[in-house]
Amino acid sequence: MSRNPFRKTVGFYEVMATPYTRDARSDTAYAETKQMDNYPASQASEKDSPRNVGFNIKDQHTEKKKKYLTAKYGAHQMLLIKKRLGVEMWIFDELRKLYNSEDDDHDCELELEEILNLDTDGERREYALEQLQDAKQSQDVVNNFIEEMLKKAKTL
């Protein structure tokens, strides 16, 4: 019993591979059936010649697909992101209380990133006081907010 080298088993199926041989007769027969020179003259024009393919390119460019980048963070990185987001949301809620507003219509430009970039607590306190000059609450309430914010910023 001779074993056929072209016979392979793929899963439950037995596949027979045959070597490819090029036949000149089949190539010319294929080329003759696929020639497009014998189009009627009424259908062919310079714009619609057999050598041009009529793709509608305008529709492809106008409807661009939006791409979104998603990232998978490790557990430690996600914990840091959630912690920072919690502090930012707390600052946002406290600013609404300080300015007696229901939404974000106050003109305060207090940024947590700026506070974290400053080196000392004195610089941070000075920056926060400068940003909160026109707060509607008393100076004691503003100072308490700043102290609490600095404590939370140190944990980040």
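How much space lies in the largest pocket? In this predicted model, the largest pocket holds about 250 Å³ of space. Its lining is made up of 14 residues, and those closest to the centre of the pocket are Glu88, Ile91, Leu95, Leu110 and Glu111. Two elements, H3 and H4, each give two or more residues to this lining, and the largest share, 6 residues, comes from H3. In terms of residue character, the lining of the largest pocket divides into 7 nonpolar residues, 1 polar residue and 6 charged residues.

From the pocket we can turn to the loop that joins two of the helices. This loop lies between helix H3, which spans 75–98, and helix H4, which spans 112–117, and Ser101 is found in it. Asn100 also lies in the loop between H3 and H4, and the backbone at Asn100 has a positive phi of about 50°, although this residue is not a glycine.

Are these two loop residues, Asn100 and Ser101, buried or exposed? Asn100 has a relative accessible area of 54% and therefore counts as exposed, the cut-off for that class being over 50%. Ser101, by contrast, has a relative accessible area of 11%, so it counts as buried, since that class takes in values under 20%. When residues up to four places away in sequence are left out of the count, Ser101 touches Arg96 and His106. Of the two loop residues followed here, then, Asn100 is exposed, whereas Ser101 is buried.

Methods
Residues numbered from 1 in each chain as written. Predicted model: local features only at pLDDT ≥ 70, side-chain atom pairs only at ≥ 80, totals over all residues. Heavy atoms only, no water. Helix = DSSP H or I, 4+ residues; strand = E, 2+ residues; numbered from the N terminus. Buried < 20%, exposed > 50% of the residue type's maximum accessible area, 1.4 Å probe, protein only. Contact = heavy atoms within 4.5 Å. 1 Å grid on protein atoms, 1.4 Å probe; cavity = no way out; pocket = protein on both sides within 12 Å on 5 of 7 lines; lining within 4 Å. Points joined across faces, edges and corners; volume = space filled by probe spheres on them. Nonpolar A, V, L, I, M, F, W, Y, C, P; charged D, E, K, R; others polar.
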